Amino acid sequence: MTYRLTEDQAALRDAVRVLADERIAPRAAEIDRTAEFPWDIKELLASHDILGLPYAEAYGGLGGDLLTVCLAIEQISRACATSGLILAVQELGSLPLILAGTDEQKQRWFPDLAAGKLLIAFALTEAEAGSDVAAARTRARRDGDDWILDGSKRFISQGSVADLIAVFAVTDDGEGTPRHKRLSCFIVEKDMAGFAVERIEHKMGIRGSPTAELSFRGVRVPDANRVGGEGEGFPIAMRTLDRSRPGIAAQAVGIAQGALEVATAYARERKQFGRPISDFQMIAGMLADMDSQTEAARQLLYKACVEIDAGARDAGRWSAMCKLVAGDTAMRVTTDAVQVLGGYGYIDEFPVERMMRDAKITQLYEGTQQIQRLVIARALTARP
Amino acid sequence: MAAAPIWVHGELAPDGSLAKISTEVATLARGLGESAGRDVIGVVIGSDPAAAATELARFVPRVLAVSEPATADHAAGTIVGERLGALIERDTPDYLFAGAGPEGRDVAGVVSGLTGRGVLVNAVAVRWEDGPVVEMSVFGGKLTTTSRFTGEQGIVTVRPNVVTAEPAAKTGSVEATSVDGELSLPLVKVVDRVEAADAAAPIEEARVIVAGGRGLGGPDGFKLIEELAEALGGAVGATRAAVDAGWIPYAQQIGQTGKIVKPALYLALGISGAIQHKVGMQTADTIVAVNRDPDAPIAEFADLVVIGDLFEVGPAILAALRARAG
Amino acid sequence: MRIVVLVKPVPDTASSGERLRPDDWRLDRAAVPAVVNANDEYALEAALKLTTAHGGDVVLLSMAPPAAPETMRKALAMGAASGTLVTDPALAGSDTVTTTRVLAAALRGMEYDLVLAGADTSDGGAGVVPAGVAALLRLPYLSYAAKIEPLKETETVRVHRISPTGYDVLEAPMPALVVCTQALGEPRYPSLKGIMAARSKELTTSALADIEGAEAAEPTTAVLGAEAPPPRAATRVVREPAEEAAKQVVAFLVERRIV
């Protein structure tokens, strides 16, 4: 890998940064306070082609590589983690189609997704199937040319605002069927009869991003909406997560960077005992650690993106590592940012308390940190 | 051989009177002429220059009044510039001083283009040292440069409020003169003149500016600003946020993409002082701000800042000013 | 229609490193990132809106140091079709007279319906160049535009020129030169597609020798020195309740002889 961004990548990153600083940052506190999905930010991202980044140019997208998508997520998340998630979820929900969709399916949906006219979500998790993905109970039963879906999904990011949902359902629960061959993937369209949003969670952080419980009661889905082969759902989900985890790592790096910047600016201005507190070694030490850790997480993320895009065989290891490191970094850096601000860090006059609340989710979704460790350990200790 | 004179361009206000800025430029030029031992001559060009020329003659010993009917219903800048350029070629003064407002800028640009004389713009101070030595404030006030002309001719445009207008001890003479020949630069017709109900005097010329920003919360907040401006004999200014929100016209916007002002007093209510606004007003002599936020940038560079609610402090200041006057 | 927009790279006001080089007092362009002059962006935005409404394209013209292409890329990313950068070592440190003449010479070799320019530049506050260019090219000159309306049937352009009392409605045949103000509307952010397209747009670099009639002349002005203005005295902070605070403010104004 060359150790520098290409001119295009730098130009796109800078353009997103300007947009984030000027148009998204001023809205961040309000989005958190009202816990309302920021449709205006979604429009802003759409109209500046940012939601087009994950899709090939043939479908009206920008054909962005994973690194470019992550650069954009990082810059947006610096200003507002909820807004950064809009792009991350658009990519996450689209990945099953990108990886396993037919040309016809891509033609059908990608142009509108790339233009931001449609939003897509990823519905894998259930109340009883979090880390244990294969334990899903939502089923899809064949009926002529269609499938009938029954079940429910929990903790689905943006599930209540999405137009399309990539749903993973059991299509083969035969006794002899191995666990990883039980699931298939389907695109459910929000207007399909029997699909409902049951509830939206009240969360610690990323409060503007609606996290929904979705129910499927006899939802009739045409076979043309099945993504990939029957029984291929689990590998599709795993391959999706391999490519989408860097997006969460990018969100985490962005959150950390945003917190670092606020803490640094504060430490330079705030005077106690006649001097800016950045003069004091304990504060300076904390800031140095925050900066180094954020940079380390960032570099691992960028490298992971390049490796994954290059088709590295150990893509899973890269993906898990960058998410593990970035998530833990975001939590540590935001907690320290609150510490640097002291009492002011605890009140909502400054954004660091929100950033700390936002950071926690990066250690939980798209695979908990414990799952990431399992993935890494398995790759490390697997017999040759 | 006597050194060539210094000329002053007298601008006309829309009603035909002499623009305030020209009285200031004339005062400045007169002072330079005295230091330099050179004649100072004013030039007024317009469809009916008599009144303005007479007024300008209070400030300089001699004024040329040029009647140019075309300016009645055509854009004046090009016409005035062309005639002034021709007069300069005819009478060969060394220096021309003009105001650095929209009218003066247009004229200076045309004269420079036609005569090839250099321009030093937006002067905040001018002294004479064998030629004008001009101080200009650049980069939004971050640097003050001192410049001069490399030769013996040049054009200087002068910012408003740099000099206080002061009539001469003796009123000067006005002589009508004309420039022959057709105008060669294309004429731009004025099809209509529209008066906006909320148009205000050019704020660059005001000695005192009271300005409001986002903190005013809406167009009604500007009533307080107007009352304070009136009490202080000043003009109303605004930040871009207030203009973008439609609370006040663009003509009163101060900042990087609005006007640059240098009043004696800039009183800012509900203005954070972000850099884009700061560059428009930071060279004011005195800056007083009222803001709820002690960490607002303006609290750093104002001379005096009141930390408080502008809707309480503002009326209190107004009351105190009125009590003083009454 | 074809519109030429005059753009000038200037130091980014929001950064703080502007300085003049102490040896010759010329602008130290390496010290600080350059951006397109803010007012020129409004001219560019106006041009893009006009060509969207009436068809045609927008091209950029700039006289600047060779590093300028980066700042022109942003203008291309906003939607200009191509650009010409006039750059030559002989033009380093040019004054407004040379700039005016070189731009006029460059425009003589171009075809256009309108030339748009921004009002004032933040790095030297000239604002006199467009008027000089119009005079040299014998173009109708319409300044301080708050609104621009080309009229196809008559091949004229109608402009609202901001005046102290409101605005004047000016009309002139095209081609014409119009100086733009912010009142024309916010410049767009370049879209990502625009940024990627900008890479392949044509940016021609011309030296003085490539432009007929263009030459550098000895500058008519010289900078003698530059310094930061004297720092303001420490801010007096008043935290008392409104009535008491108001008394202190008025006393301060009296002290400063403002009332």
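This briefing walks through a sheet, a chain contact, a helix and a set of domains. The structure is a predicted model. Two things to look for as you turn it around are an open sheet of 10 strands and the contact between chain B and chain C, where 83 residues of chain B meet 76 residues of chain C.

**The sheet**

- Following the open sheet from one end to the other, you pass β10(B)-β9(C)-β8(C)-β7(C)-β10(C)-β6(C)-β1(C)-β4(C)-β5(C)-β11(C), and the pairing is mixed.
- The edges are held by β10 (189-195) of chain B and β11 (202-206) of chain C; each has a single partner strand, so one side of each has no neighbour in the sheet.
- On average, neighbouring strands of this sheet are turned by 30 degrees against each other, with direction ignored.
- As a reminder, strands of a sheet pair through backbone hydrogen bonds, in either a parallel or an antiparallel way.
- For a parallel example, find β7 (residues 141-151) and β10 (residues 176-180) of chain C, which pair over 3 bridges.
- In β10(C), C:Cys180 is the residue opposite C:Ala145.

**Helices on the sheet**

- Helix α2 (residues 69-78) of chain C lies across β4 (57-63), β5 (82-86) and β11 of chain C, and runs at about 155 degrees to β5(C).
- Helix α3 (residues 96-108) of chain C also packs on the sheet, where it touches β1 (2-6), β4, β5 and β6 (114-118) of chain C.
- The direction of α3(C) makes about 145 degrees with that of β4(C).

**Where chain B meets chain C**

- Helix α4 (residues 102-115) of chain B gives the most to the side of chain B that touches chain C, with 9 residues.
- Sorted by class, that side of chain B has 46 nonpolar, 24 polar and 13 charged residues.
- Strand β7 (residues 143-149) of chain B and strand β12 (residues 221-227) of chain C run antiparallel and are joined by 6 bridges.
- B:Ser147 stands opposite C:Val223 in β12(C).

**A look at α4(B)**

- At 1.5 Å a residue, the 14 residues of α4(B) should span 20 Å, and this agrees with its end C-alpha atoms being 20 Å apart.
- Because 14 of the 14 residues of α4(B) are buried, this helix is largely enclosed by the rest of the structure.
- Just after α4(B) comes B:Gly116, with a positive phi of about 75 degrees.

**Domains of chain A**

- Chain A is divided into domain 1 (7-119), domain 2 (121-231) and domain 3 (234-381).
- The centres of domain 2 and domain 3 of chain A, taken over C-alpha atoms, are separated by 30 Å.
- In chain A, 14 residues of domain 2 are in contact with 10 residues of domain 3.
- The side of domain 2 of chain A that touches domain 3 of chain A has 9 nonpolar, 4 polar and 1 charged residues.

Definitions and conventions. Residues are numbered from 1 along each chain as its sequence is written. Chains are lettered from A and ligands numbered from 1 in the order in which they are written. This is a predicted model: local features need pLDDT of at least 70, side-chain atom pairs count only at pLDDT 80 or more; totals for chains, interfaces and linings use all residues. Two strands pair if DSSP finds at least two bridges between them. Helices (H or I, at least four residues) and strands (E, at least two) are DSSP runs, numbered from the N terminus. Axes are lines fitted to C-alpha atoms, for helices over the stretch in contact, and angles run from 0 to 180 degrees between N-to-C directions. Two residues are in contact if their C-beta atoms, placed from the backbone, lie within 7 Å. Ala, Val, Leu, Ile, Met, Phe, Trp, Tyr, Cys and Pro count as nonpolar, Asp, Glu, Lys and Arg as charged, and the others, Gly among them, as polar. The expected span of a helix is 1.5 Å times one less than its number of residues. A residue is buried if 20 or more other C-beta atoms lie within 10 Å of its own, exposed if 12 or fewer, and partly exposed in between; C-beta atoms are placed from the backbone. Domain bounds come from an automatic or database domain assignment.
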